[in-house]
Every structure is written in structure tokens, then in C-alpha cells.
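User: I have a model open and want a quick tour of the contacts between chains and the ligand sites. Can you walk me through it?

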Amino acid sequence: MSEQMSPERMSPETQTTFPRHVRHGSNSGQPVSRRDGRLKVTGAATYAADNHPEGLLHAVIATSTIARGRVRSLDVEAAKAHPGVVEVITPANRMPLHHDPNEKMPPFGFRVEVLQDDTVRYVNQPIAVVVAETLEAATEGVRLLAPRYEEEDARTGLDNGLRHEAQSVGVGAPGTVSFGDLDAGLKGAARVTEGDYSTPPQYHNAMEPHAVVAEWDGDTVTIDMPNQALRMSAASYAAYFGIPAENVLIRSPFLGGGFGSKAILNGPQILGILAARQLGRPVKLVLTRAQMYGPVGHRGRTWQKLRLGTGDDGKLTALHHHSIGATSSFDDFVEPAANASLMLYESPAIRVEHEGLRLDIGTPGPMRAPGEASGSASLEIAMDEAAEACGMDPLAFRLANYAETQPGTGKPFSSKALRECYEQGAAAFGWAGRPLEAGTMRDENGFLVGWGMGTAVFPCPQFPAEARATLRADGTALVETGGADMGQGAWTALAQLAAESLGLDLDKVEFHSGRSDLPDGGVAGGSGHTASAGQALSNAGGDVIARLTELATGDPDSPLFGAGNIGVVAAEGRLHRRDDETRSQSYADILARAGQKELVGTGKSGRDPASAEAFAMHSHGAVFAEVKIDPNLMQVRVSRLVGAFAAGRIINPKLVRSQYYGGMIWGISFALQEEAVADRRTGRIMNADLAEYHVPVNADVPRMEAILVPEEDPRVSPLGIKGVGEIGVTGTVGAIANAVWHATGIRVRNYPIRIEDLLRRR
Amino acid sequence: MSLSISLAINGRQHDVALNDPRVTLLDLLRERLDLPGTKKGCDRGQCGACTVLVDGRRINSCLALAASMDGAEITTIEGLAEGDELHPVQAAFIEHDAFQCGYCTPGQIMSAVGLIKEGMAGDDPERVRELMSGNICRCGAYQGITEAVLEAGRKAAENAQPQTGNPDTGKDAA
Amino acid sequence: MKPFDYIRPATLAEAVTEAARPGSAYLAGGTNMLDLMKVGAAAPERLVDITRLPGLDAVEWLPDGGVRIGALVRNSDLAYDARFAASFPMVAEALLSGASAQLRNAATVGGNLMQRTRCAYFQDPASACNRRESGSGCDARDGENRMHAVLGFTEHCIAVHASDFCVPLVALGAEVEVESSDGKRTIPIDELHLLPGDTPQMETALRRGELITGVKLPAGAAAFSGHARYLKLRERTSYAFAVVSAAAALQIEDGRIAEARIALGGVAAKPWRAAEAEASLVGIEPSQPAFARAGEIALASAHPSGANAFKIELARRIVTRVLTRALEGTPERMPALPGSPFAARPDKTSGVAHV
Ligand SMILES: Cc1cc2nc3c(=O)[nH]c(=O)nc-3n(C[C@H](O)[C@H](O)[C@H](O)COP(=O)(O)OP(=O)(O)OC[C@H]3O[C@@H](n4cnc5c(N)ncnc54)[C@H](O)[C@@H]3O)c2cc1C
Ligand code: SF4
Ligand code: FES
Ligand code: FES
């Protein structure tokens, strides 16, 4: 595998990445190419739906075309008469489950629809499963069911949904938070800027549709499925089927993207497993693209209101962020959008509030930067409007309101190199030359040009995780954790961390992951997987080295005899005396002399509660965007994007850049393209596909730059790793919207920004 | 109705008795011929994940009936590398980190191979972006993809004029 | 997908006979036909695969300077045919602005002409659609209709025809050659696609079983090659259907417009030739006000069919702009982003030659 960098990508900061961390013999901190690269470019990487066990049946779910009511009839006979169809599973004959699907499955499980009855609560809800010998037959079987419904009026918008105060938002965050005296802050303000903003429903649309291949053997089941939380899911599936957790093996070596949609249990995948059990044969069930618009979560629509009071000095006196988030009629996930205002800017008074709006839609869920994306998309426009009102440069305005401690609580940040992000991003972008006024820049072809910026922020959680490292007689190691790689590069970055802790070259380390029978790798979400599983792996490696040291230093014939624990350095497969590095012994030798075939170490991780209590922990960044807009036709194109991010220790800059780029592209998508459009009457999403539900194509993406701003943070975890997967979305959305304003003088407060928004007012 | 078709896939002849004319080329490869490297992202020509070469041209295999491909020569991602030696496009994809989750990657790579054969992009990043726009990457690996395609395109162009490479192997001297 | 019989006739005579039977449909590249069958918007009993019919895959130059394009010529092959692209640059540009490279490699000339509307309600069997099922109603009318027609629609159907290729073809007065067991005939392309009236299910002038064998561009059409552009507004830079699009071609003599051709896409159930707007330009000196007036005239009878009034204004502006571009002259090379407003200043090192 080639690990060379092309000259073009060899930017200066790549060459000099954090030398402090690059210990002798360590791969950590280096831009190593993906270890799973060869598998992925040859088509040999196995995704769930690529599995084809002997005797496989194909299952296709039938989904409702109405949003609310009940299924009156299904033509099961017609479906069954179709050649190849083996069985039609409906509420009438589906085998019982051991957990009531109308009850949440702790810790994060939502209520799911698995044919428990004939009610329909949203469009694309599963209403039957057709199982057949071929995919073609199962698909046609579904059509032949020709469902008839008793339909009730669909609640599809603000005018007919049920509004309610949201006690909790996101995954257990409080719905209302208030600091200081908001009214006083607004009254005392020199000026108040105020606006209504909205964000549309968005769907994760990972390129790999949700899939499951399930094969039962008595009371045990092997499940191939893309999964961001292996152990947790295995336990949940076990609970649904009334079997011990260890009877469930989930294999998820590669996910074709997740973005949050593969972290939470959903009905269709349970149905696939159920079908296999009910029919006693292995079953493959893959969602169609259209079916991904409903039962597998989405980013809920929001309606937000922001009020910002500012003083004559350009400092915030009050910040009020109110958000209504659409949720389903039967579950409670409300997009924690307004909470974005708790993280970024200093203000003596802050209030964030959420309401939920019950609609006949599938339950929303976390989608890449849940809350932060939608909330900062609005907040960053509002900040720009306030800057404009104050006659200030948007960056200067943000600096004037820089939060030195966590807004409201005054807690110190574990680390915060945001100022450096602003500086380095602005310098790379050339922000200093920006005219304050809108609509003044044109390029050589006559296009309107606009520059905008936004602040990026994302929390950096660390989840409980476990790992195991086994040093083998030949001096190589096997390291294992049940983690998930949905593209962030776990196969590489986690192996790098393990190699570092073991003092081994990367190619001496065999890394196993993506199975639920490995040590619990925790949840791959919240941008916390590398920090969590990585720390566990690192600790496991440390455990191995400690044991090895014990063997060597206690062995009178070892050159290390008597050196004691602190007197040893592990590097390149050898232990060296710290006081005299020429005296060393190879791992293989130590094991051989001790008569051991292998040496096993284990490690755990989890955030130190004291640290979590004492510090606010976030990754930060600043994004600068340039857009070009045709002056008459108003088509927008992002022409430049520069992001500077500080996210603690960087394990592999090559992978991290890719994460930032990906996030920034999601920002383009959010700002200018994505929106699921539902028919107001039926609730049916009329662009439930990839042709009309637009996400960026290659031609939408300009040359981007992602600057890795160095940051050391021993408080987030011993390794000092924050998170990089989601932060790129935040900041970028607002930066683009602000650039559009700067090009045109038109403030669009509803995403996505469309041609007609800009046309109408010119 | 039953049809018998014959296809050359990755250089190997396949005689297929097709019991169902509804089978697409994509499902034939994935579900019946044990070639799951080609991916399904939309099944409607809207994403490019299923891109394969048919008689040297890139197409979406989800919108091609297997029956209609009778007699065709098909190249899939599984047939690109020669033994252990990766195709230059594959190698460039790894080097430029042109993927994350890897799900769109077989389609991207087959599309890139087709693009380079078509010879319409030259060394122009904008043309590469446009002509790779039939392959959606939700992870957003586009920057790496563009760089990888440009690099592989340059190598192919050099190889077409062997004086710049090693005359013995015809491979790039670098 | 409903089961069907698959037939691959070896001769044209066989094909048209098979296709004349009720329930038959032609299969060419399949990029539209198969898609519609998958979503259940089309359910033929018999697919007549025409891809192996001999003699339909050539671009033939006629002695008079016109050209005959076989119905099975693939969209990409036509766009990259050097002589064709040089003679009819805006047709090549329109082709390359459509779909994706993969789809263009599969899509045929005949299939592109015959592609069905992209109206989401048409594609959704759970919705009422007069076009798909005569007399069932039109759910688009009070539904999501930002992208629907602003010209030539009726209460029975407000859909648009989505083809890019057809737009310059209609501007250049192409003719469609068709054949059936009853013989051959030629249909001016402007008469191929039908406005909905009260029979939106009648989409084209083709009779049952009739096969498009080719498309002819008249000799005179190449006279526009120096001043011919296609412009397409999209909601992303590529791989998207037009919000609106327009083709314009001019012949300039002694500083005056001797002949003008204008057609619009994405505005009606057919590619929309703006004959009056063309006439308004003939004999005058090209100027921005004249182009703007042409835009006004082209959209004079337009009105919104739903939440799409913006398309009218946009269409006016795109006419003005595409005329401006045409006047500037056809670029030497195909722009890197064909049809895009951002296709300014093509470089000269790559891409298919225009001249
Ligand atoms: C994702 C996507 C994006 C697209 N984007 C665009 C775009 O931006 N611009 C654009 O213009 N198009 C676009 N298209 C449409 C594409 O151009 C058409 O699908 C294609 O041109 C159809 O050609 P085909 O040969 O595949 O036809 P088929 O799918 O085989 O046939 C289409 C129809 O034509 C009939 N037919 C085919 N050949 C003949 C013939 N010779 N005589 C009579 N009837 C015939 C068939 O019976 C069928 O009804 C897009 C398609 C997809 C899937
Ligand atoms: S606009 Fe036409 S195609 Fe669309 S639903 Fe109405 S009748 Fe059908
Ligand atoms: S699967 Fe064929 S284009 Fe998406
Ligand atoms: S790498 Fe994940 S979709 Fe492209």
C-alpha cells in the first residue's frame, strides 16, 4: 500500500504535524493512507448487503403511502400467488416479539414500527414484508399487495401540527436554559436585531441504504448490518427476540456511511431479522432509496427565532434563541437547535427555548451535527445581521463577543484555540480585504462575489469503550475493539493509536473491529469514536507494555533487569532502558524467555467525571466562504471554502482533512441544496430520491482548504483527542448564507437558499 | 420466460440462464454472479454507485436489463487490478484519500476509468469535476476524487507516449 | 416490476410488428423506461428491445449539408462527434448538460426525445395523474409544483418536458423520421410533443407501434454554428434537470440579425419554440434592449401554474442571456461546464472541438 503523499497535498503543516506526539517508532500523527484502502478500491470490502449466505431469501418491505390512518386491506393472496414469493408477513401473522415496540428500548432506542398493528403513523412506515426467492419476485409481491387504507387528515405543518413545550431535546438535553436577565439585556441594548429562520427536513441518505442479512441457528443469530453501535444494538436485538445478548453476533466491518442514521435501532432492520427467524432461512432485506425517507430517521425541520441585543461597543447584551422542532406523533426527538447558542458567544443574558411540533412523520433523529448544524446555521446569520447593524466586520464582531469561558456557566474550556482558527482561517482566505458593504464585488466574468464567515463548534464527548491487545510470540500484535468505520477511518487511526501505545510499527499491528463479539468499542457517534475507542486501545497497549516490562525487568538475564517500570521506553518492538537506550530487548525475546506464547492486555476508557464537571469541552473552528452568483439568473456556486479547526490532538491529518472537507460539503448542501419536500395534503415526500433531493455533486465542490490548528488538551482525555467528524458542517452553512448576502444584499433566512429567493427581490 | 445470455465479465465468459427478464445487470452481478463489488445506491440512475464498463463505456448498471446486455463485455471493480497490482486509478484513490466510507468508490473508480478513456477532460480540474458528477459521494470525498482522477489521467497520458516512461515496461518511470 | 416478455427483434420490420400489439413498449437505453417500470409508472407487457436493430446508430451527412442522426446513436457519441458538434454546437452543449456521463453513454437519441415527464406525481402511482391514468385527476395542480409549466398547460396537466436535447432541436427545426408497419413518415419536431389540452395522456404524435428511426437537421441549421448557445439553470451545478433552459442561435450579417432561433426548456409539456420572439429580432442590430424585449415576447402568454411564478421571470432573463451569449459567438471549445451559467471562458486545451 502506498503511503506517499502527492506533492500537492504536502502542505507545510502536514509535514510538521505535532512533532511532540510523534514518538520514536510511532505512526501516530502521521498522514498514513487508509489501511482498508486496498479493500475499498478493489471492491473487496464487504458491506452488509454484499453477503449472500446459502439458501438466502430476499425480503422487501411494503411501506405506507399515507401519513395517518390504518391499513384496511392487503391483497396477500395476489402477492403470494406471484411466482417466487414465499411468504407475506403482516400484523396478522408476524411472530411475537419479546419487547413491546411501542416502548422505547433503552438507552437510545426509539419506538419502532414492526407490524405491531394496522395503524399508520407516517408515510413509508412498514406495513408488510414480502419474502421471496428472488429480489424481483419480492419487489413485485409488494406491489401486488395494493394496500387500501382508512385515511385521516395528515398533520404536515405549523398550521395543523400539535405544538408543545419540549421538556428535553436531542438525546436528553434540557429544552430550556436561561442565564442572566434577558429582558434587561434587551432593554439595555443599543439595538436589537431579530429574525425568523427555518431549516427544512433533511435525510441522512448515506450512499449505502440500510440493509440487513440475518441468519439464525436455533436461538443464535448472525446479523450483517451497517451499525454505529454494535454492542448496544446486539443487546437490543436480543431483547426484541428474547435471547441472551451473547447469542447475537453483529458484523459490521464497513458502513457505507452512517451520519447518525445507523446508530439507532429502526423497524425495517428488525423486520429483516424477524423474517429470517419466522421463515427459518437466511434473509436479506435492503431498503430502497425511497424507503429511507421515513423509518430510519432524519434531521427534523425547525422554525427558529433569534433576538440579539448589542451595545454601542458591539458586545452582545442579550441572546434569545427559540426553536420549534418537528417531531413524530409518537416519539420525542426534537432537534436541539437553539442549544447552539449556549456554546459560542459571550452574553450577560442568554435564553434558549424549544418547542416540539407533532406531525405525521417518521421520528427524526440525530443527523451529522444534530442541533449544532441547524442552530448555528441560524445563529451565524443572526450574528452577521447584528454585525451589520453595528457597522462592524463580521469577524471583528465575533471577536468582540469571544467567549473566554463557557457562556452562562462561566466554566473554563478544557482548551479553546478558536482565536487561532479565526486568525489562520482569515489569513489563508484573505478576509482582510473584504468590503463591509454588500453587493460591491464582481469577478472578471461579471459574477457577483460575496464573502462570508461562520464559527464552527461541536462538543467532544468520550464514551465508555473497551479494547484488547495481544502481543504475539513473533513480536506482532493483535488489537481488537468492536468499533465501527463509517468512513472516518477507524481501521487506520485506531490502529495507529494502538501501534503507538505498543511501541510497534503500524505494519506489525493487526487490527480487528466491526464485530459485536469483540470488546465493546462503544458508539461511533458524536464525533467521539476515536477519542473513546482510541483511548481504550491505547490503554490496552499500555497494559501490554506494563506486563512486558514486568517480565523483562524481573528477568536477571535481561539487559533490562532491575530497570523498573519508569525506566523503560517501548519503541520499534523493543523495550529500552531509559537511562541507556542502547540496552534493549525485543518483545519476542522477552516473551520467549518467559515461555509465553502471547501476552494479553486490556484497556477501558471513559471521561474522567471530575474533568467533565470542571470543564466545558468543545472543538472549534472558523469557516470562510466565497460564493459567485450570476447577477441575473441568480444561480449560486460556492467558489472557495477555507476552514480552520482546532480539535485537540490529530492522529492522522490525512483522514482528518477528509472529515473536515466532508463536513464542509455538507455545509454547502445544507445552505444551498437539501430539502425534503412533502406534499402538504398527503405528507408524501415528493422528492424521496437522489435526483430531486439534491446533495452536492463533484461540480458543486470547489477546491477547499482545511487548516489543522494545533491544540493540546490533556483535560479531555489522556490522549487529548477531541472530535472532527461533525464540526465541519457547523459554521460552513452560515458562512455560505452570509456570503450570499454579501454578494447580493439579500438576507435569506430560510434554508436552502434557492434561486427564487434571490430573484424575487432584485 | 427464460432467456439464455452470454456475457464476458472481467475477461471471463459467463453463460447465464436467466429465468426472469426483470433482472438488471446490477442485480445479476450482485445477487446471481457473486460479484457484489458493484454497489446499489439508488437503483434509479441517480447516484452512479453501480457504474460499470460495458464494451469499454461507463454506464449505470441499475438501469440496464441483463437480457439486453447479451454478448457484451463487462468490466467491474473486481476486474480492474491485475493480480496484486492495482490499476493506476485505484492506486491514486488510495493516495489522495478519495473515499471515506468506500461505498461510492467502486462506481467512482469505474467512472474515472471510463472518463480517462473518453479523453474529454484533459488536465482540467473543472472538466473532471463535471464529468465525475454522475457519481454522488455523500461522504464528500470529492476533492480527493478530483485529484486522483487528474493524477491517473496524467499517468495514462504519459503512458500513451511511452518516451516519457520506462521504455522496457511501458510503465511510468516514477 | 410487473413481469413482461422480453423480445429482441433482429429487424425493423419485426420490431414494429411486435410493437403494434397492445401492451408493447420499446426499450432503447432503458434509462427512462426501466426507471418508470421500477417505480410502477409504466408496466408494459412486452418490451421490444431495439438496441440491436441494424442501421440506426449512424450520424449520416446528407448531400445537401443536412444531417441524419440514427435513433440509436447514444447521446454522448453524438455530442462528441467532432463534425456534428462543430456544425450544431448548441445541440452538443445541450446534450452534455443533461443527466450524467454514464446516462448519456446509455441514452439514445430516440429515447431522449420520447422520455416522459419528471413530474413527481406522474412517477408516483399513489397520486392522481391524468397523464399516467386518463381522467384520474392531477395532484400536481394543488401540490408541489415549483418546477411545473408556465406555458401551454391546462387544468388537466401542468407538467413539463424535461429533455435538454429537444430544446435546440426544436429551435433548429429538426424533423423526426418514424416508421411503422404502415410505412414511414416525417414529423416536424415541434409537432412531436403534444400540449396537454384535455388529453394529457396523449403525449406525442406517435401512433401505436411507430418507431423513431432518426432525426434530421436541415442543411440551413449549420449556418448558425458561429452564434449558438444553450443555457440551463439548475439547482446544483450538474446532474440536475433544468429549472428553465434556453437555446439561442443567430445569423449575423453586416451587423444585423439575419436570422434568429430561440427555444425554451422546462417551461411546457414540449420544448417551446419562441417564434414571435425570433421574429422580433430579425433585421435589427443586436442589442441588450432587443434581447430583453425578445425575452418579454417569448413569455408574453406565460402564467404560473402553481408556486412557480419565478420561472416566468427566470425564463425571460435566460432568453436575454442566452441571446447575449450567442451573440458573443460560439466558444472555440466546449465549456468545462456545458450549459452552465458558470461556463464562462472555456479554456482551449481540452474538451470537444466546436470549430
Ligand atoms: C437521474 C437522471 C437524470 C437525467 N437528467 C437528464 C437531464 O438533465 N436532461 C435530459 O434531457 N435528460 C435527463 N435524463 C433523461 C435521459 O436523457 C433519458 O432517460 C434518456 O434520454 C432516455 O433514452 P433511452 O435510450 O435510455 O430511452 P429508454 O428509456 O429506452 O426509452 C424512453 C422512452 O422512449 C421510448 N423509445 C425509445 N426509443 C424509441 C424509438 N426509437 N422510437 C420510439 N420510442 C422510443 C421508450 O419506449 C420509452 O417510452 C435523466 C435521466 C435520469 C435517470
Ligand atoms: S402535472 Fe400532468 S403529469 Fe403531473 S400529475 Fe398532473 S397530470 Fe400528471
Ligand atoms: S444504483 Fe445505479 S445509479 Fe444509483
Ligand atoms: S466514500 Fe462514502 S459515499 Fe463516497
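Analyst: We can go through the chain contacts, then the ligands, then some backbone details. Keep in mind that this is a predicted model.

User: Start with B and A. How many residues of each chain are in contact?

Analyst: Chain B puts 51 residues in contact with 68 residues of chain A.

User: What area do chain B and chain A bury between them?

Analyst: About 4,800 Å². Carbon and sulfur atoms account for 51% of that area. On the chain B side, B:Gln100, B:Arg138 and B:Gln143 lose the most area to chain A. Together they make up 18% of what that side buries.

User: How many salt bridges across the interface of chain B and chain A?

Analyst: Eight salt bridges are found there. One of them pairs B:Arg30 with A:Asp50, with the closest N and O atoms 2.9 Å apart. There are also 35 residue pairs in polar contact between chain B and chain A, counting pairs with both residues at pLDDT 80 or more.

User: Which elements of chain B give two or more residues to the side that touches chain A?

Analyst: Five helices of chain B do: H1 (25–32), H2 (88–95), H3 (105–118), H4 (125–131) and H5 (142–160). H5(B) gives the most, with seven residues.

User: And how does that side of chain B divide by class?

Analyst: It has 19 nonpolar, 13 polar and 19 charged residues.

User: Now C against A. How many residues does the contact take from each?

Analyst: The contact uses 35 residues of chain C and 40 residues of chain A. About 3,400 Å² is buried between chain C and chain A, with 54% of it from carbon and sulfur atoms.

User: Which three residues supply more than any other three on the chain C side?

Analyst: C:Arg236, C:Arg317 and C:Phe342. They supply 23% of the area that chain C buries against chain A.

User: What about the polar side of it?

Analyst: Between chain C and chain A there are five salt bridges. In one of them, the side chains of C:Glu235 and A:Arg754 meet at 3.2 Å, N to O. The count of residue pairs in polar contact is 17, both residues at pLDDT 80 or more.

User: Which element of chain C gives the most to the side that touches chain A?

Analyst: H11(C), with six residues. Strand S9 (228–233) and helix H11 (309–328) of chain C each supply at least two residues of that side. By class, the side of chain C that touches chain A has 17 nonpolar, four polar and 14 charged residues.

User: Let's switch to ligands. Which residues are closest to ligand 1?

Analyst: C:Tyr26, C:Thr31, C:Met33, C:Thr108 and C:Asp164 are the closest, out of 35 residues that surround the ligand.

User: Why is the site of ligand 1 shared between chains?

Analyst: Because residues from both chain B and chain C surround ligand 1.

User: Where do oxygen atoms of ligand 1 meet polar atoms of the protein?

Analyst: Three spots are worth a look. A polar backbone atom of C:Gly29 is 2.8 Å from an oxygen atom of ligand 1. For C:Gly30, a backbone N or O atom lies 2.7 Å from a ligand 1 oxygen. C:Lys232 uses its side chain: an N or O atom there is 3.0 Å from an oxygen atom of ligand 1.

User: How much of the accessible area of ligand 1 does the protein cover?

Analyst: The protein covers 96% of the 960 Å² that ligand 1 has on its own. Strand S2 (24–27), helix H7 (109–114) and strand S8 (211–217) of chain C are the elements that give two or more residues to the shell. H7(C) has the largest share, four residues. The shell divides into 16 nonpolar, 14 polar and five charged residues.

User: And ligand 2: how many residues surround it?

Analyst: 14 residues. The closest are C:Cys119, C:Cys129, C:Cys138, C:Cys157 and C:Ile158. By class, the shell around ligand 2 has ten nonpolar, three polar and one charged.

User: Last topic, the backbone. Which peptide bonds should I check?

Analyst: Most peptide bonds are trans. The bond from A:Pro106 to A:Pro107 is cis, with omega near 0°. A:Pro107 sits in the loop between strand S3 (85–89) and strand S4 (119–120) of chain A. The bond from A:Tyr751 to A:Pro752 is cis too, with omega near -10°. A:Pro752 is in the loop between helix H16 (732–744) and helix H17 (755–759) of chain A.

User: What is the phi of B:Asn10?

Analyst: Positive, about 50°, although B:Asn10 is not a glycine. B:Asn10 lies in the loop between strand S1 (3–9) and strand S2 (12–18) of chain B.

Conventions. Residues numbered from 1 in each chain as written. Chains lettered and ligands numbered in written order. Predicted model: local features only at pLDDT ≥ 70, side-chain atom pairs only at ≥ 80, totals over all residues. Heavy atoms only, no water. Contact = heavy atoms within 4.5 Å. Buried area = accessible area lost by both parts, 1.4 Å probe. Salt bridge = Lys/Arg side-chain N within 4 Å of Asp/Glu carboxyl O. Polar contact = N/O pair within 3.5 Å; in protein donor to acceptor, adjacent residues only side chain to side chain. Nonpolar A, V, L, I, M, F, W, Y, C, P; charged D, E, K, R; others polar. Near = heavy atom within 4 Å. Areas by Shrake-Rupley, 256 points an atom, 1.4 Å probe, with all protein chains shown as cover.
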